Every structure is written in C-alpha cells, then in structure tokens.
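Hi,

Here is the structure I promised to pass on. Have a look at it first, and then read my notes on its side chains below.

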Amino acid sequence: MKQFWKHSSVYSEGASFRKIIKYTVLFFLGLVLLFFLSAIGLAFYFNHNKAKIVTQINAKINDNITGTIHINDINYKFLKGFPNMTLALSQVELRDSLYFLHKRTLLKADEIEVRMNVLGLLHNEISIDKIEIQRATIHLYKGKDGIVNTAIFRPKAKIDKSKSAATSTFNEIVFDEVHFISENQLGNKLFDFNIIALRSRIDFDNENWNTNLYLKTLAKSMAFNTQRGSFVRDKIVEGVLKVSFSEAKNKISVATDKLLIGEEIFNIKANFSLDKNKSPFDIAIKTTILWQNASALLSANISNRINQFDLKKPIPVLCTIIGDMNAVGDPEIKVITKIKNNKLKIPDGIINDCSFEASFTNQYVKTTACNDVNSTITLTNFEGKYKTIPFKIPIGIIANFEKTIVAGTFKSDFEVSRLNEIIPKDFMHFSDGQANVNLDFKFGVSNLRIQKPLFTGNTTVKNAVIYYGPRNLTFVKTNIDLDFTEKALIIKKINFNDRRNAVFMHGKIDNFLTLYYDNPEKMIVNWDIYAPFLDVKQFAGVITNANHKKIITKKDDNNFSDKMYSVIDKCQVLLNLKADKMVYSKLEATNANALVLLANNQLIVKNGSVASAGGTITFDGKLTPDSDTFLMQSNAQINKVDIAKFLAAFNNFGIQSFQPKNLKGLLNASASVSGRLLSGGQLKTNSLGGTAKFDVKNGALIDFKPLTNIGKFAFPFREVNNVVFSDLSGNFKINGDLVTVKDLKVSSNILNFDVDGVYSFGAGTNLAMTIPLRNPKKDELITSNIEKEEKRYNGVVLYLLAIDEGGKIKIRWNKNHN
C-alpha cells in the first residue's frame, strides 16, 4: 500500500498528469463558454425574431380561441430552461366572446412562463414543454341561463396528422399562488381554491396522458349545492395525486393514498367525465377520523345535525359522492362506518361500550331527488350501555332530515338496581328485581325534542324493591307488567307492598308518550287499585306529605330523572280504589270504595263509601296543598253507625267534656266541613269548620258529668247516670274551637231538654238549656207527636246557662232566657 501511494505521488508530479488536468479544465471551460454563447445566441435570436415569435404565439392562440387575449409584454428569461427558450408573458387576460354578459374573466395572471423547444421554432413549430402560471385567477363560470365563459376554444379540425406542418404539446404545468374558481349557478355549485403550489409532469401516450400531480391548496369552498353549504371549508389540502386521462372514455381519473385535508389523511379515488352536455363524476373517500373532525369537513346542513353527537375514538369511514357537475341539486352521498367499543355522546347523556354499523344516504328512494327529505341514517346491531343499563337496537332508522322520523326496535334486560346510576337516590332507589324491555318505537324529532312518540311492546319488572324518596315510601315485592299499544299504555299489573299495605294495580294511560313529552299536565292515569288491607292515614300521608325533599339532580348530560319527576308531579291520576279492609287511626272499615282524582297537586274524592261501626259512611272531598298543611273539604253521610265507636275512632274530635264511652246509639248524620290535615294525614286540632246535622236512634247517655251534677240536686230520684233517648237530634255550625248548637233537642226517659248556644272545645262555652222538670217517663206511651210536644213544657221549666269558667263548665241561671 505504501508503494502504491509513493508511485501515485511520483506520477502526479509528472508532465503527463499535468496535461490531463489542463485539457480537462479547458474542456469544461469550453462547455461553459458554449452554454453562455448558446444562451446569448438564443437571446439574440429572440430579440431579432421577437415580432415573429409573438406573431406565432398569437396566431396559435387565436387559432384555438374565439375570445380575446391581452398580453402586456413578452420577455425572454435568460438561461432559464436552457437549452429550451423560456418566455415570460406578463399581465395576461383571457376573456370569452360573451364577457359583456357575465363579466367573468376566464384567466387573469401577473405572469405566465412558457418554455418552448428551440428546434421546433427553427422548423416553424410551437412545441411547448412547460407552462408556469404565477399569481393568477382562473374563473370558470356557468350562469343560470346556461351561458358559460369556457366556450373559448375552437373545435379541432379533422386533419391528416402526416401532413401537419406544426404540432403543439406541453409536458409540465406549474401553478404558484393561483386562485381557481368554478362557479356553476345553474347547478348551485361552487368550487373555490387558493392554490399555493401545483406541480405536474405529464406523460403522453398518443391522446392519453397521466401525471403525478403535487398539490397544496386552501379549499375555500367545495359546495355541490350552495344552498346546503360547503364541504372541506377553509382547510389546507396537500398531497400527490395520480391523474390520468382517457380519450376513449373522455374521462379524467384521480387517485391518492395519503391526501392531507387539514390534519386528516384520506385515500381518494375519483372520476370526472368531460362530456359536453353531461359531466358525471364519482368520488370515493376512505379514512379513519374523529367524529368532530369529520363533521368539520361536511356541509352545514349535515354538520349542524351531527354536531349534537360525538364519538370519543376515531371511526373508519367510507364515503362516496356521485353526481353531475352540470346537474341541478345535490349529488348522491353515501357514508358507511362500523363502530366498535366506542363512547357515544347524545343530547341526553353518554352511551358507553357502544358498537354498531351505520350507513347514510341522501337518496333513500332511488326514484326521487337527493335532498334532506330523502336522507336516511340506518343503524344495525346497535349495542351499548346508557349509564349502566345495557340495551340493543337490532335496527334503527333516522329518516327525513327536514321532518325527522326515528324508528326501530329497543331491547334491554338488566338488574333493576342499575337504575340507581340514572335516577338520584333521593328521588328513587332500587334494589333486587329484574327488568325486561322489548319495544318498537317511532317518533318525530324537532330541535332535538321528541314529538308524537309511538312505542309498542312490553316492559316487565319482577320482584323489585323500590324506595320513593319524595314520599318516604318503600315498596317491596314489586311486579310491573306494561303493554305499550298504538293508542295507550296499558298497565296490566303492578303489585307491591309497603310497610302495612298490599296493593294490586292495573291501569291505562291514553296517548301516554305524546303527553309525557308535550303536555304532562293533560295526562290522565286511570288506575284500578285493589288492596286486601289499606291504611288510609298512611295513604293520605303519601298524598299530603308536604315536607318531601326537593330533588336536586347533578348538572350533567342526563335530564331523564328531572323529566320523570316533572311528569309525576304534573299528571292527573284517577284511582278507582277498592279495599277489603281499611283503617284510619282507630276507625276500621270494610268494603271500601272510592274514586280518587289527583290533579294539580290536589286530591279529589268522589263516591266514597265504607262499611264501619255497624253502619255505612259515604263521602266525597278534596285536599289542596297550602304551605305545610293541606286544606280539606268534605261532605259526608253517616248511616246507622255505632256512635261510641265512631267518636273513638276520631279521638272524640277533641271534645274533652265527655268521652265516647258516655254515649250509645246509632248515629245518622250529614256534614259539610273543611279543615286542615297535617303532612302525616292527621287532622289538625280545632281546624274544622262547616255544618253538621245529626240524630241518634236508640241512644243513651251514660255517666255524663254535667247531667249527673245537675241530677244530684234537681232530680235526686231519677236515674240520670243512664239516660235513654227516644229523640236526640240537632244542627251544628263548626268554626274551629267553637260549635254553634241550634235546636238540639233531647227526649229521654229521665229528662227532656233543649240546648242552643256555643260549645267550645277550649274556652268560651255558652249554652242555653231549657229543662222541663216534669218526668217524661210515661211520654213513650203517647203515640201522637203533637200531644207529646204540648206536654213537653208542662210544669216547672228551668232555664240554665252552661258557662266556661277557668276551663270548667259552671251552671248558672239563665235570667234572660226569653
């Protein structure tokens, strides 16, 4: 190796090596000199033949156009494109012959560079190798009247190519800062691109050609229908497109594998026909993209709707667009996708573990136009979880984007306790039990609100435990069976138990779903309720619980529980109630029947009847909320009721001067009263007001203290501790603590007396008593009522006052008895 380097060093210092270097340098200097001399020669040739060249260019252009062209100047670009000649055309304007009508310039450029073959010029041929357009606007136009600005090129004459004296082709196209507009007013189409850069080297095969075209452009508008908005608006589009032209098919085909639109990558294949009368096209787009990013690329009429939804993970999308550039209306658009284990956001919440296949078309009916009315989204094999509730939609259709209709089948089978993730525990809490839902649905959508919903199918719940927070109720062993029909919700069976009551219910709600969403206050729930046992106070407490907590829901995407609570609060409920046995405090009754209406937070009772205390009680009434209590209004008829049991059941209505044990007999009465009930269903003390009328048959007054106190000195020989009545009747007017007594007539075996005045449950009793002292024991033998009345006041008559003094009843003489 050392000998090689030593030999090379010796050789390089030799005379022969220096000659080689000299000749090589001279050769390259000669080439450079020749290059410059040729360039100077071309410049000299252009300057001395400029008029001829310009004439040839103008002649070539004018031979091919019917409009006008204006070129401000033509200059030679020294050395650029050598050995070809590069000419720079400055301030170029090209207009068609109808410019005076449409005012659209076809081409306006600051500069157009044209590279021509020198040998062709020497043989009188214009052979263009490259065209470079800089800072230009290209505007293609078609008006509503069919006028176009592209009818500028003359049709080619059919000539014998072998006899042609000149040919013209170009092999390379370059655009820099070119604004391209394709405006089709007749078809409502607008394509507007700011081309930042375009590079294309064209390979010709006779009349066919192909190229790999590099494009970087800002898409300002790609509107297939300007009334619907633009696709890919204000996005940078960049990539290499494989473009080819087929003369036989008169069609341009475009394909790209990695086209950037914004930050998204697309695979696109497209075909564009160049037929004169029809210009059909088809575009196939394939990508994987986020939902919101895809929405941003769509036209406004589509994105405005789908922006209400979102998918967390990217989704695969295949989109095809088929149309005609010259046709009026939208092109046909089809989109298909397959979602797997994604998270779907909808206006009412989040659907997790979401999987489905979806397709969109704007021409569902092939024989009609492509538009919003004919647009449809089809969902198949939809599965997911709303909160923790799993469900399936085997098929669902969203049709007509102007008057949207949604239809499909909904299925779900889940543990009832999963509802706790949807409904606040203070409102309802579930444990145990299984729910099954199988429904076909159809409803309209306007502004994302459900309209005219129709559900058909069945929903069941078995063995559930439900806690209802607003009324502090717990229902155990709850079974529910619901049938949804086209006209009504039929509640076939609801069975539940609470702490004391066992209830069996079935019912019907006409036009349920429409009223649920639009007019819940007009909804009437018809219930037939049967209870082997019913605690009325507890039942009334459910209705009148004024202290139930206000339900506060989380401010998230779920308003389901708010809506349900609002419907429950506003709807009307009609209860046809039957109970084998019922109790109210100490009152026990059987064969209970009542029609109960719950409306506007009121409870209205009609045609109520019970068998109690050996008789019957019929009644109607109304409860109305008022602050922390409820106003009660009632009309009642009491027939042959054991008076002692009746009074004991109602705690003697708060009367302290005697007890139920002091009375015997059968009570007949009618009353029209009002009062207040507390939140637990108890009657508020001294709140009653109204009128009452009564009479007691086969009655007796036993150990009544006011009477026995008088009897000690007034009737020492009569049995005043056991007074048997042949007549006990009267009229009362009740006003809180005070009862106005009118025409209270007592006829007994011991004593007859009349009472008028005011009796007070507290302080303020003032009763005037008229007491004939005669012994009425033998009056029962008198059959004539007139004769009985005449003898009633014979003999000595006492006029007394029963007056409250310090909480005790004192007897005084009634001096002013008249």
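Which side chain meets K334 in a salt bridge? The partner is E332, at 3.6 Å from N to O. Keep in mind as you read that this is a predicted model. K334 is partly exposed, with a relative accessible area of 37%, whereas E332 is buried at 13%. The cut-off for calling a residue buried is under 20% relative accessible area, so E332 falls on the buried side.

That pair is part of a bigger set: I get 13 salt bridges in total.

Another one to click on joins R199 and D176, whose closest N and O atoms are 3.0 Å apart. R199 sits in strand β6 (residues 189-205) and D176 in strand β5 (residues 172-184), so this contact ties together parts that are 23 residues apart in sequence. D176 counts as buried at 18% relative accessibility, while R199 is partly exposed at 35%.

Then there is the area around R95. E93 and R95 form a salt bridge, with 3.1 Å between the closest N and O atoms. Both are partly exposed: E93 has a relative accessible area of 21%, and R95 comes out at 27%. K108 joins these two in a network of salt bridges. R95 also lies over the face of Y99, 4.1 Å from the ring centre.

A little further along the chain you'll find a nonpolar surface patch of about 290 Å², made by L98, F100 and L101. L98 belongs to the loop between β2 (85-95) and α3 (99-102), and at 30% relative accessibility it counts as partly exposed.

Now for the aromatic rings. How many aromatic pairs does the structure hold? The count is 10. One of them is F191 with F224, an edge-to-face pair at 5.3 Å centre to centre and 80 degrees between the planes. F191 lies in strand β6 and F224 in strand β7 (residues 208-225), so the pair links parts that are 33 residues apart in sequence. Both F191 and F224 are buried.

F224 also pairs with F231, again edge-to-face, at 5.8 Å between centres and 70 degrees between planes. The relative accessible area is 2% for F224 and 10% for F231, which is buried too. Put F272 and F281 alongside F191, F224 and F231, and you have one aromatic cluster.

Those are my notes; tell me what you make of them.

Cheers

How values were computed
Residues are numbered from 1 along each chain as its sequence is written. Side-chain values use heavy atoms; hydrogens and water are left out. A salt bridge is a side-chain nitrogen of Lys or Arg within 4 Å of a carboxyl oxygen of Asp or Glu. Buried means under 20% relative accessible area, exposed over 50%, partly exposed in between (1.4 Å probe, protein chains only). Helices (H or I, at least four residues) and strands (E, at least two) are DSSP runs, numbered from the N terminus. Patches are made of residues with over 30% relative accessible area and no salt bridge: like charges are joined within 9 Å, nonpolar side chains (Val, Leu, Ile, Met, Phe, Trp, Tyr) within 5 Å. Accessible areas come from the Shrake-Rupley method with a 1.4 Å probe; for residues, only the protein chains shown count as cover. Rings of Phe, Tyr and Trp (its six-membered ring) pair if their centres lie within 6.5 Å; planes under 30 degrees apart count as stacked, over 60 as edge-to-face and the rest as tilted. A charge sits over a ring if NZ of Lys or CZ of Arg is within 6 Å of the ring centre and within 35 degrees of the ring normal.
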